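Here is a walk through one protein chain, from its overall layout down to a handful of residues. Have the model open while you read.

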Amino acid sequence: MEGSGAEHRQDGVGESDGLERLWTPHRMAYIKGESKPDDATEQQCPFCRIPALDDEAGLIVHRGELAYVVLNLYPYAPGHLMVCPYRHVADYADTTVEEAVEIADLTKKAMTVIRSVSGAQGFNIGMNQGAIAGAGIAAHLHQHVVPRWAGDQNFMPIIGRTKVLPQLMTDTRDLLSASW
Ligand SMILES: [Zn+2]
């Protein structure tokens with residue numbers, strides 16, 4: 001599993017939680033300030049930019065009509081994904097009925113798919129609305145779906161030390177996308 005994976009550039013999106021990780025290739029994008037504009041216009045916004053990429057490069061799991069599903073580049077747990085409207089909208093209250101329904105439907109489907117692929121035992125689901133609430137990219141709303149397992153707090157450092165996360169992210173996307 002060693003070797004040429006770095007040639008495949010993944011251009012995902014996510015928010016740092018301030019925790020240390022050993023996944024150096026993925027941290028580099030954050031260190032360089034990519035994917036986290038301070039004043040996200042639509043041109044700079046990663047959630048607007050990602051859908052133009054191919055699924056593998058953007059870590060896109062599924063494309064819906066009004067919203068899409070993408071892996072978080074800084075996952076709290078393997079399979080941590082986000083449901084985002086295509087439209088550059090910050091406030092959940094400003095979504096159309098159709099957008100809100102599709103975000104809800106994709107969130108439900110994501111739970112089903114993650115359970116079938118990985119046997120997740122629980123989930124944390126939600127949105128951070130506004131920078132004050134912890135949204136790293138506040139200008140474009142996104143719903144987090146974080147699978148949880150008993151003992152998952154011990155699982156992540158083990159993954160980090162093996163340095164296989166870039167491959168794992170690709171595998172995770174392949175698994176979820178194929179099962180969608
Ligand atoms: Zn946007």
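Let's settle one term before counting anything: two residues are in contact if their C-beta atoms, placed from the backbone, lie within 7 Å. Bear in mind, too, that this is a predicted model. With that in hand, take the contacts in the protein chain with a separation of 6 or more: residues 24 or more positions apart account for 68% of them.

**Overall layout**

The protein chain has six helices and five strands. Going along the sequence, the elements come in the pattern α-α-α-β-β-β-α-β-β-α-α. Of the 180 residues in the protein chain, 31% are buried.

**The sheet**

The five strands make an open sheet with the order E1-E2-E3-E5-E4, and the pairing is antiparallel. Strand E1 (60–63) and strand E4 (122–126) sit at the edges with a single partner strand each, so one side of each has no neighbour in the sheet. On average, neighbouring strands of this sheet are turned by 15° against each other, direction ignored.

Now for some of the pairings. E1 and E2 form a hairpin, with three residues between them. They pair in the antiparallel sense over three bridges, and His62 stands opposite Val69 in E2. Over at the other edge, E4 pairs with strand E5 (residues 143–148), again in the antiparallel sense, over five bridges. There, Phe123 stands opposite Pro147 in E5.

**The nonpolar core**

Which residues touch the most other members of the largest nonpolar core? That core has 29 residues, and the answer is Val61, Val69, Val70, Leu81, Val83, Cys84 and Ala110. The elements giving two or more residues to this core are E1, strand E2 (67–71), strand E3 (81–85), helix H4 (97–118), E5 and helix H6 (165–179).

Val69 is a good place to zoom in. Leaving out residues up to four places away in sequence, Val69 touches Val61, His62, Leu81, Val83, Leu106 and Ala110.

**The annotated residues**

UniProt has something to say about this chain, though the entry is unreviewed. Its "active site" annotation covers His142, and its "binding site" feature is placed at Asn72 and His144. The two binding-site residues span 73 residues in sequence, yet no two of their C-alpha atoms are more than 8.5 Å apart, so they gather at one spot.

Where do these residues sit? His142 is in the loop between E4 and E5, Asn72 is in the loop between E2 and E3, and His144 is in strand E5.

As for their surroundings, His142 is in contact with Phe47, Met82, Val83, Cys84 and Met127, setting aside its neighbours within four places in sequence. With residues up to four places away in sequence likewise not counted, Asn72 touches Gly14, His80, Leu81 and Met82. On that basis His144 touches Met82, Ile125 and Gly126. Met82 is thus in the contact lists of His142, Asn72 and His144.

Are the annotated residues buried or exposed? The cut-off to keep in mind is that a residue is buried if 20 or more other C-beta atoms lie within 10 Å of its own. The table gives the counts, along with those for two further loop residues that come up below.

| Residue | Other C-beta atoms within 10 Å | Status |
|---|---|---|
| His142 | 24 | buried |
| Asn72 | 21 | buried |
| His144 | 20 | buried |
| Leu59 | 26 | buried |
| Pro78 | 21 | buried |

**Two more loop residues**

Leu59 is found in the loop between helix H3 (55–58) and E1. Why give its backbone a second look? Most residues other than glycine have a negative phi. Phi of Leu59, however, is near 60°, a positive value in a residue other than glycine. Leu59 is also buried, with 26 other C-beta atoms within 10 Å.

Pro78 belongs to the loop between E2 and E3, where Asn72 is found as well. Neighbours within four places in sequence aside, Pro78 is in contact with Leu168 and Thr172. What about Pro147, the residue that stands opposite Phe123? Pro78 and Pro147 are 69 residues apart in sequence and 7.4 Å apart in space, C-alpha to C-alpha.

Note on methods. Residues numbered from 1 in each chain as written. Predicted model: local features only at pLDDT ≥ 70, side-chain atom pairs only at ≥ 80, totals over all residues. Pairing = 2+ DSSP bridges. Helix = DSSP H or I, 4+ residues; strand = E, 2+ residues; numbered from the N terminus. Axes fitted to C-alpha atoms, helices over the stretch in contact; angles between N-to-C directions. Buried ≥ 20, exposed ≤ 12 C-beta atoms within 10 Å, placed from the backbone. Core = buried A, V, L, I, M, F, W, Y, C linked by C-beta atoms within 7 Å. UniProt positions renumbered as here; feature names shortened; annotations may be inferred.
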